[in-house]
Amino acid sequence: MIVPIRRSVLLLVILLLSSLGTAVFLAVGFAGTAGLVTGSVSGVVVDESGPIAGARVRMRATDHLTFSDLGGRFSLSGLPEGSEIEVTAWADGYYIASSHVTPTVSGISLTLRPYHTVDNPDYHWVSPISGTSGTACGNCHPMIVAQWEKNAHGTAVDNARFFSLYNGTNLSGTQQAGAGYLKDFPATDGSCANCHAPGAGIDGYLTTNMNTARGQVTAGVHCDYCHKVGGVYLDPATGSVYANAPGARSQRMLRPPEGEQIFFGPFDDIPDPDTYLPLISESAYCAPCHQFSFWGTPIYESFAEWLASPYAQQGITCQKCHMPPTGDTHFALPEVGGLPHPPESIPSHLQLGAGDVGLLQETATMRLEANQALDRLQVTVTITNTGAGHHIPTDFPGRQLILEIQASDETGRSLAQLSGPVVPEWGDPQAGQPGQIYAKVLMDLASGDYPVVSYWKQSLIVADNRIPALAADRSNYGFSLPAGAEEIRLTARLLFRRLFQDAAAEKEWDRPDILMVEEELTISLQSWHKIYLPFFAGSES
């Protein structure tokens, strides 16, 4: 199943109404226009074969929108009379057409031009970096490129942590250290490029070495690549990508033939060579690189986790959290024709992820409760995934959330733990302390070692206690109250860690744990013998 566009039921209703001669006009409103709003524009949307029904016709950069009827006819009213405006039209499979007119006017014709349907491997990528060429993306979209350059996609072919895992080296690459794909399979290049360097990997499946692609910006996840994706291949049985087609293998690329150009984007009013792709604003667009398995073991699962979550049912997409608007009113410079749009309609290219502290700290909430029971303190910690549309943590199996709990009296003496979970031995430096780790734990099938991140080898999931979207995990702990203690101080902290501590130390990964949420609680104690002594005395009498 190829998913380029999802037509709405609303469009079908509009076509039915239009076929009956009913004038249809949606979402009347515009910004930044002048003059009386009594003007109108009417006409027809056609291609070389005749009228096109269901085309989206809009006064550019406004909410003035209607659809052509079964005869291709349309009418837009409530427009600024006497002022020149631009009217655009789009339909699936076509570039966007436009015309500059002055309302009131009728009889205009908007002719749509079909775009190619076959990918051209001989196409040469456009560089995103300003000044590198006359067509560089940053020449017209510097605000977008500046955001992209700093995110994980923009650094995909320069990420030292990735290359330490690919090559099996330390962070600087100066010596062998720990797990590495090329250490295990030195005669192959692997499938990493399908997601980390798709600009090169699209034409070199299993034959693109990441070291060759390293530092080449157009080999990576760049503007021109992403905006040439015209669809994704989904398994109709699951609604997700096929298990054996990671990254570029699940994307329908439509690089243009010689002499042509095309950019798929989220707006239906940017004229040729742009066209509108509803998919680019849907979670399915992200699926190819965020859902795949190795040796039958699911590794990256954030799309499937989202698909099974309440977020999917409510239509809350990946882009909503990871590409939030920043308040920009332009996505192209005014001097090259960029028009202001409502800021909430312009997604950022921050593409926030696991390296963003602010995003992580909006992901989970914690509730800390404690009750005294004689000489024992019962503590309950509830962690709720309130802000992620997938499990936390997700994707790369080296990621963990560490819950650490500290309990001490007013003198600083730590309370002895009587019951409840402790951080496992591989959770240094918190190993053995009250708390737990949330992670997908992989075991190397050949050696039996765990936890490992070498998912390119055969591995099994031996534990997975990650927290799904909007779900909560509750854990209970018992502590012994020291004699004479009057006050207990409890602290619970949830930390995000990128890689298991031993492996991180071996590879010299230099990113510290990130504090996601912290709760503190102070309990004033009552002496249990003072409370219960009168009862015993009364019983004896």
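1. A quick term before we start: a surface patch here is built from residues with over 30% relative accessible area and no salt bridge, and nonpolar side chains are joined into one when they lie within 5 Å. Keep in mind that what you are looking at is a predicted model. With that in hand, find Leu 445, Tyr 450, Leu 460 and Val 462, which make up a nonpolar patch on the surface. Together they offer about 370 Å² of accessible area.

2. Stay with Leu 460 for a moment. This residue sits in strand S22, residues 459-464. Is Leu 460 buried or exposed? Neither, quite: its relative accessibility is 38%, so Leu 460 counts as partly exposed. Tyr 450, another member of the patch, is worth a look for its backbone, since a cis peptide bond joins it to Pro 451, with omega about -5°. Pro 451 itself is in the loop between S21 and S22.

3. Now go inside. The largest nonpolar core has 35 residues, and the ones touching the most other members are Met 210, Phe 396, Tyr 455 and Trp 509. Several elements give two or more residues to this core, among them helices H4 (160-167) and H8 (210-213) and strands S14 (292-294) and S21 (440-444). H4 gives the most, with four residues. As a general remark, nonpolar side chains tend to be buried together in soluble globular proteins.

4. Which residues does Met 210 touch? Setting aside residues up to four places away in sequence, the list includes Phe 162, Phe 163 and Tyr 166, as well as Ala 193 and His 196. Apart from this core lies another one, of 32 residues, including Ala 364, Ala 388, Ala 492 and Met 516.

5. H4 deserves its own point. Seven of its eight residues are buried, so the helix is mostly covered. Those seven are Arg 161, Phe 162, Phe 163, Ser 164, Leu 165, Tyr 166 and Asn 167. The cover includes H5, H6, H8 and helix H14 (501-507). Have a look at both ends too. At the start of H4, a side-chain oxygen of Asn 159 comes to within 2.9 Å of the backbone nitrogen of Arg 161. After H4 comes Gly 168, with a positive phi near 75°.

6. The loop between strand S17 (376-385) and strand S18 (400-409) holds Pro 393, and the peptide bond leading to that proline from Ile 392 is cis, with omega near -10°. Asp 395 lies in the loop between S17 and S18 as well. Its phi is positive, near 60°, in a residue other than glycine. Asp 395 counts as buried because its relative accessibility is 9%.

7. Leu 470 also has a positive phi without being a glycine, with a value near 65°. You'll find Leu 470 in the loop between S22 and strand S23 (472-480). At 45% relative accessibility, Leu 470 counts as partly exposed.

8. Last stop: His 116, in the loop between strand S9 (105-111) and helix H2 (137-140). Its relative accessible area is 15%, so His 116 is buried. What does its side chain reach at 2.8 Å? That would be the backbone oxygen of Leu 254. The backbone oxygen of Arg 255 is 3.4 Å from a polar atom of the His 116 side chain. Beyond its neighbours within four places in sequence, His 116 is also in contact with Tyr 95, Pro 256, Pro 257 and Ile 262, among others.

Key:
Residues are numbered from 1 along each chain as its sequence is written. This is a predicted model: local features need pLDDT of at least 70, side-chain atom pairs count only at pLDDT 80 or more; totals for chains, interfaces and linings use all residues. Side-chain values use heavy atoms; hydrogens and water are left out. A nonpolar core is a set of buried Ala, Val, Leu, Ile, Met, Phe, Trp, Tyr and Cys residues joined through side-chain atoms within 4.5 Å. Buried means under 20% relative accessible area, exposed over 50%, partly exposed in between (1.4 Å probe, protein chains only). Contact means heavy atoms within 4.5 Å. Patches are made of residues with over 30% relative accessible area and no salt bridge: like charges are joined within 9 Å, nonpolar side chains (Val, Leu, Ile, Met, Phe, Trp, Tyr) within 5 Å. Accessible areas come from the Shrake-Rupley method with a 1.4 Å probe; for residues, only the protein chains shown count as cover. A salt bridge is a side-chain nitrogen of Lys or Arg within 4 Å of a carboxyl oxygen of Asp or Glu. A polar contact is a pair of N or O atoms within 3.5 Å; within protein, one must be able to donate a hydrogen and the other to accept it, and residues adjacent in sequence count only if both atoms are side-chain atoms.
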